[in-house]
Amino acid sequence: SEPVRPAENGHTIAEIIANKKELSGKIVKVRGMVTKFTANVMNKNWLHMIDGSGENDLTVVTDQEVTPEQMITIEGKVLLDKDFGYGYFYELLIEDAQITIE
């Protein structure tokens, strides 16, 4: 997919993955497109987003609702090596994200 213009003062998904240890526990801002949205799993809404900066998507946990293919900017905290049990283990996710839909 075509790279999207990053958020002002934001990071690309590739930058967050490359610098995850330094960014752990910090608030990051990312702009991209929603690829998947799942509501109400473990009392949270889960989304995946891409920004064309690399092969990987970003997993985001939020209280808000979005729709696949929406362009959004998220702001949330980087969380590493989170194990929710039941086989839900994430090396990297963004939690408590505030979302702005374009």
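Among contacts in the protein chain of this predicted model that join residues at least 6 apart in sequence, 56% are between residues at least 24 apart. The chain contains 2 helices and 5 strands, and these follow the pattern α-α-β-β-β-β-β when read along the sequence. The radius of gyration is 12 Å, close to the 13 Å that the globule rule gives for 102 residues, so the chain is as compact as a globular protein of that length. Its C-alpha atoms fill a box of roughly 35 × 30 × 20 Å along the principal axes, and buried residues make up 33% of the 102 residues.

**Nonpolar cores**

The largest nonpolar core has 18 residues, and those with the most contacts inside it are Val30, Met49, Leu58, Val60, Ile72, Ile74 and Ile94. At least two residues of this core are supplied by each of helix 1 (13-18), strand 1, strand 2, strand 3, strand 4 (71-83) and strand 5 (89-101), with strand 5 giving the largest share, 4 residues. A second core, separate from this one, has 5 residues, including Trp46, Leu79, Tyr90 and Leu93. Within the largest core, Met49 is one of the residues with the most contacts; leaving out residues up to four places away in sequence, Met49 touches, among others, Ile13, Val30, Leu58, Val60, Ile72 and Ile74, and its partners also include the charged residues Arg31 and Asp57.

**Salt bridges**

A search of the whole structure finds 2 salt bridges, which are set out below with the distances between their N and O atoms.

| Salt bridge | N to O distance |
|---|---|
| Lys20 and Glu91 | 3.5 Å |
| Arg31 and Glu102 | 2.5 Å |

Lys20 lies in helix 2 (residues 20-23) and Glu91 in strand 5, so this pair ties together parts that are 71 residues apart in sequence. Glu91 is exposed, with a relative accessible area of 52%. The pair formed by Arg31 and Glu102 likewise links distant parts of the chain, with Arg31 in strand 1 and Glu102 in the segment after strand 5, 71 residues apart. Arg31 counts as buried because its relative accessibility is 11%, under the 20% limit, whereas Glu102, at 54%, counts as exposed.

**Surroundings of Arg31**

Arg31 is found in strand 1 (residues 27-41). Besides its polar contact with the side chain of Glu102 at 2.5 Å, the side chain of Arg31 reaches the backbone oxygen of Arg5 at 2.7 Å. Not counting residues up to four places away in sequence, Arg31 touches Val4, Arg5, Pro6, Ala7, Met49, Asp51, Met71, Ile72, Thr73 and Glu102.

**Asp51, a buried acid without a salt bridge**

Asp51 is found in the loop between strand 2 (44-50) and strand 3 (58-62). Which side chain of opposite charge is nearest to Asp51, and how far away is it? The nearest is that of Arg31, at 8.9 Å, and Asp51 is buried yet has no salt bridge. Since a salt bridge requires the nitrogen and the carboxyl oxygen to be within 4 Å, that distance does not qualify. Asp51 and Arg31 are nevertheless in contact as residues. The side chain of Asp51 makes a polar contact with the side chain of Ser53 at 2.6 Å. Leaving aside neighbours within four places in sequence, the other residues in contact with Asp51 are Glu2, Pro3, Val4, Thr12, Ile13, Val30 and Gly32.

Notes. Residues numbered from 1 in each chain as written. Predicted model: local features only at pLDDT ≥ 70, side-chain atom pairs only at ≥ 80, totals over all residues. Heavy atoms only, no water. Buried < 20%, exposed > 50% of the residue type's maximum accessible area, 1.4 Å probe, protein only. Polar contact = N/O pair within 3.5 Å; in protein donor to acceptor, adjacent residues only side chain to side chain. Contact = heavy atoms within 4.5 Å. Core = buried A, V, L, I, M, F, W, Y, C linked by side-chain atoms within 4.5 Å. Rg over C-alpha atoms; globule rule 2.2 N^0.38 Å.
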